[in-house]
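Trainee: Could you walk me through this one before I set anything up?
Mentor: Gladly, let us put it on the screen and take it step by step.

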Amino acid sequence: KRIRKTGFPTQKAARIAGNKAIAEYCPHLAKDGIDYDKITFQEYAEKIWKPQKDGVHANAATMHNYDKLLKRLYVVFGNRKLRAIDITDVKAFFDNEYINEDTKTNTVANMRALMSQIYRFAVLRKHVFVSPLECYEKPSGLLVAAKTNKNEKYREAIPTEILDAIYARFPKGTEEYYHLKVSE
């Protein structure tokens, strides 16, 4: 239920009192003049978060990697309002990315960490009230197999028949056997 106050002599007096209340309860709106109810995720990342990070807290290579990850996040979340993104949106996107065969698990984890970093920045400055990534947990490792490059094939350094011959030469109980087991 909305709280309203009445009893002002004119509409102008009511607006002045309203602006004073906004400045008191939402100081971030009064300072920079940005309406965080309307700003999109992409605008926030580019105009507010990135200038704070660029050059001071992150080197050029890190910012380049951030840019690559941000481009992927902008495809889904770029035009969405910062405060409108919720846990269901985040869960749907990241769960799909973890299951997707073309995306490596490490890349998805890095995108999630970057988005979490942006939202932590916004929460600390009271631009948003809660991060949608706060409660997100990646799908169970049993459900999602680790992905590798599709061109990689499993290689055995020593073929099985040669390894069996080596183990026949150094039977269990000898010192060499245990060295071989450790190096296997």
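Mentor: We will go from the overall fold to the helix packing and then to a few charged residues, bearing in mind that this is a predicted model.

Trainee: OK, what's the secondary structure of the chain come to?
Mentor: The chain has 8 helices and 0 strands, and reading along the sequence gives the pattern α-α-α-α-α-α-α-α.

Trainee: And how much of the chain is buried?
Mentor: Of the 184 residues in the chain, 28% are buried. As for the contacts with a separation of 6 or more, 64% of them involve residues 24 or more positions apart.

Trainee: Let's do packing. What do I need to describe two packed helices?
Mentor: Two packed helices are described by the angle between their axes and the distance between the axes.

Trainee: So what are those for helix 4 and helix 5?
Mentor: The axes of helix 4, which spans residues 60-77, and helix 5, which spans residues 87-99, come within 12 Å and cross at roughly 130 degrees. That angle lies outside the 65 to 115 range for roughly perpendicular and is not over 145, so the two count as oblique.

Trainee: Which hand is the crossing, left or right?
Mentor: The crossing of helix 4 and helix 5 is right-handed. On the helix 4 side the contact is made by R72, L73, V76 and F77, and on the helix 5 side by D89, V90, F93, F94 and E97.

Trainee: How do the residues of that contact divide by class?
Mentor: The contact of helix 4 with helix 5 has 6 nonpolar and 3 charged residues, with no polar ones.

Trainee: Now helix 4 with helix 6, what's the geometry there?
Mentor: The axes of helix 4 and helix 6, the latter covering residues 105-124, come within 10 Å and cross at roughly 80 degrees, and the two helices are therefore roughly perpendicular to each other.

Trainee: Which residues meet in that one?
Mentor: Helix 4 brings Y66, L69, L70, R72, L73 and F77, while helix 6 brings T107, N110, M111, L114, M115, Q117 and I118. By class, this contact of helix 4 with helix 6 has 9 nonpolar, 3 polar and 1 charged residues.

Trainee: Switching to charged side chains: is D95 buried or exposed?
Mentor: D95, which is found in helix 5, counts as buried because its relative accessibility is 16%, and the cut-off for buried is under 20%. Its side chain makes a polar contact with the side chain of K91 at 2.8 Å. Leaving aside residues up to four places away in sequence, D95 touches Y136 and P139.

Trainee: And K50, buried or exposed?
Mentor: K50 lies in helix 3, residues 41-53, and at 15% relative accessibility K50 also counts as buried. The side chain of K50 makes a polar contact with the side chain of D67 at 2.6 Å. Apart from residues up to four places away in sequence, K50 touches A45, M63 and D67.

Trainee: What about E43, where does that sit?
Mentor: E43 lies in helix 3 and is partly exposed, with a relative accessible area of 33%. The side chain of E43 reaches the backbone nitrogen of T40 at 3.2 Å, and, not counting residues up to four places away in sequence, E43 touches K38 and I48.

Trainee: How far apart are E43 and R80?
Mentor: E43 and R80 are 37 residues apart in sequence, and their C-alpha atoms are 9.8 Å apart in space.

Key. Residues numbered from 1 in each chain as written. Predicted model: local features only at pLDDT ≥ 70, side-chain atom pairs only at ≥ 80, totals over all residues. Heavy atoms only, no water. Axes fitted to C-alpha atoms, helices over the stretch in contact; angles between N-to-C directions. Helix = DSSP H or I, 4+ residues; strand = E, 2+ residues; numbered from the N terminus. Parallel < 35°, antiparallel > 145°, perpendicular 65-115°, else oblique. Left-handed = near helix turned anticlockwise from the far one by under 90°. Contact = heavy atoms within 4.5 Å. Nonpolar A, V, L, I, M, F, W, Y, C, P; charged D, E, K, R; others polar. Buried < 20%, exposed > 50% of the residue type's maximum accessible area, 1.4 Å probe, protein only. Polar contact = N/O pair within 3.5 Å; in protein donor to acceptor, adjacent residues only side chain to side chain.
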